[in-house]
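Q: Hey, got a minute to walk through a model with me? I'd like to start with whatever catches your eye.

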Amino acid sequence: MTHMQIASPQQDMSSGADRAGALHGGARPEPGHGARRSAGARGRGLHGQLVQQLGQMIVSGEVDADHPLVPEEIGERFEVSRTVVRETLRVLEAKGLVTARPNVGTRVRPVSEWSLLDPDVVEWRAFGPQREDQQRELVELRSMIEPLAARLTAEHGRKEVNGRLGDLVATMERAADQDDSPAFAGADAEFHALLAQASGNQMLEHLFGVVSGALRVYGASSAGCDGLGEPSPAHHARVAEAVATGDGAAAEAAMRQLLTVHHEAERLPVPAPRGH
């Protein structure tokens, strides 16, 4: 397995960002762009560290389907036991990255079969050549989830939700006037999360949480738009007003417009609305 030219877990394991940089000619990821150890490596000793290293190598393309992952060779190169290697490959198989078959061995699976919303896989892709594709995909997914959440919340007509949305818009307006980024970001994130929570669809709420968490890898706002300009509170206010009047179609359109303005500012595409 001569293509695995990387330090063993016994060596410098202090920084997931440094190791990821070593996979790409020594360049380190930019601040806020996944420059942290993934969940698979935190607090799990050699097992977690090996999951981290092999996962990053697979996602970066250093290990492909033409090169089987031979447990004996992995154990020798990374100076770990067979048990550690076996458990590591099981974790990677659970994440959809590899598959083990009799007489074939353990091989990398196609990207289409990876668990793409797994927190570790998200972070590993953020280090690698698929970074921009993944960010675009997350933005597109959010652009499908949140307009629907706004529509469903409006149709439920819950007064306590309407009141809280109005309060959050007022907080964003004050924060924008005072150039208070933390206060704005907090109200912004709560606004979007509340719409998902009040939609009445637990699967949608869960998916929103997963996408929001994935976007944190990129240093993006976990839920909201995090923009202090005047248009942002105004667009949020339109969403809140549509929800308060129970107009699901207007709430959906207002949320789509809000996200479009935000993503255009970041030069990211937003998918066209789908029919109902």
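A: Sure! Let me begin with Asp179, which counts as exposed because its relative accessibility is 58%, and the cut-off for exposed is over 50%. One thing to keep in mind is that this is a predicted model.

Q: Where is Asp179 found?

A: Asp179 lies in the loop that links helix 7 (159–177) to helix 8 (181–197).

Q: And what about the phi of Asp179?

A: Phi is positive there, about 55°, even though Asp179 is not a glycine.

Q: Why point that out?

A: Because most residues other than glycine have a negative phi.

Q: Which residue in the loop between helix 3 and helix 4 has a positive phi too?

A: That would be Glu79, with phi near 55°, and Glu79 isn't a glycine either. Its loop runs between helix 3 (71–78) and helix 4 (82–94).

Q: While we're in that area, is Arg82 buried or exposed?

A: Arg82 is exposed, since its relative accessibility is 68% and the threshold is over 50%. Arg82 belongs to helix 4. Going C-alpha to C-alpha, Arg82 and Pro71 are 7.0 Å apart in space, with their positions eleven residues apart in sequence.

Q: Let's zoom out. How many helices and strands does the chain have?

A: There are eleven helices and two strands. From the N terminus, the order is α-α-α-α-β-β-α-α-α-α-α-α-α.

Q: What share of the chain is buried?

A: 47% of the 276 residues count as buried. As for the surface, the chain exposes about 13300 Å², and carbon and sulfur atoms supply 49% of that.

Q: How about contacts along the sequence?

A: Take the contacts between residues at least 6 apart in sequence: 70% of them join residues at least 24 apart.

Q: Back to the strands. How do strand 1 and strand 2 pair?

A: They pair in the antiparallel sense over four bridges, with strand 1 covering residues 98–101 and strand 2 covering residues 105–108. One of the bridge pairings matches Thr99 with Arg107 of strand 2.

Q: And what's in the turn of the hairpin?

A: Three residues separate the two strands, and Asn103 in the turn has a positive phi of about 65°.

Q: Switching to helix 5: how many of its residues are buried?

A: Eight of the nine residues in helix 5 (residues 119–127) are buried, and the helix is mostly covered. The buried set is Asp120, Val121, Val122, Glu123, Trp124, Arg125, Ala126 and Phe127.

Q: What happens at the start of helix 5?

A: There, a side-chain oxygen of Asp118 comes to within 2.8 Å of the backbone nitrogen of Asp120.

Q: Nice. Now His236: buried or exposed?

A: Buried, because its relative accessibility is 0% and the cut-off is under 20%. His236 sits in helix 10 (residues 231–244).

Q: Which side chain makes a polar contact with the side chain of His236?

A: The side chain of His192 does, at 3.2 Å.

Q: And what else is His236 in contact with?

A: Setting aside neighbours within four places in sequence, the contacts of His236 are Val169, Met172, Asp188, Phe191, His192, Cys225 and Leu258.

Q: Since we're on helix 10, how does it cross helix 6?

A: The axes of helix 6 and helix 10 come within 7 Å, crossing at roughly 35°. On the helix 6 side the contact is made by Ala150, Thr153 and Ala154, and on the helix 10 side by Val239, Ala242 and Val243. Those residues divide into five nonpolar, one polar and no charged.

Q: Last one for me: what's the story with Glu155?

A: Glu155 is in helix 6, which spans residues 131–156. With a relative accessible area of 48%, Glu155 is partly exposed. Its C-alpha atom is separated by 9.9 Å from that of Gly200, and the two residues are 45 apart along the chain.

How values were computed
Residues are numbered from 1 along each chain as its sequence is written. This is a predicted model: local features need pLDDT of at least 70, side-chain atom pairs count only at pLDDT 80 or more; totals for chains, interfaces and linings use all residues. Side-chain values use heavy atoms; hydrogens and water are left out. Buried means under 20% relative accessible area, exposed over 50%, partly exposed in between (1.4 Å probe, protein chains only). Contact means heavy atoms within 4.5 Å. Accessible areas come from the Shrake-Rupley method with a 1.4 Å probe; for residues, only the protein chains shown count as cover. Two strands pair if DSSP finds at least two bridges between them. A polar contact is a pair of N or O atoms within 3.5 Å; within protein, one must be able to donate a hydrogen and the other to accept it, and residues adjacent in sequence count only if both atoms are side-chain atoms. Axes are lines fitted to C-alpha atoms, for helices over the stretch in contact, and angles run from 0 to 180 degrees between N-to-C directions. Ala, Val, Leu, Ile, Met, Phe, Trp, Tyr, Cys and Pro count as nonpolar, Asp, Glu, Lys and Arg as charged, and the others, Gly among them, as polar.
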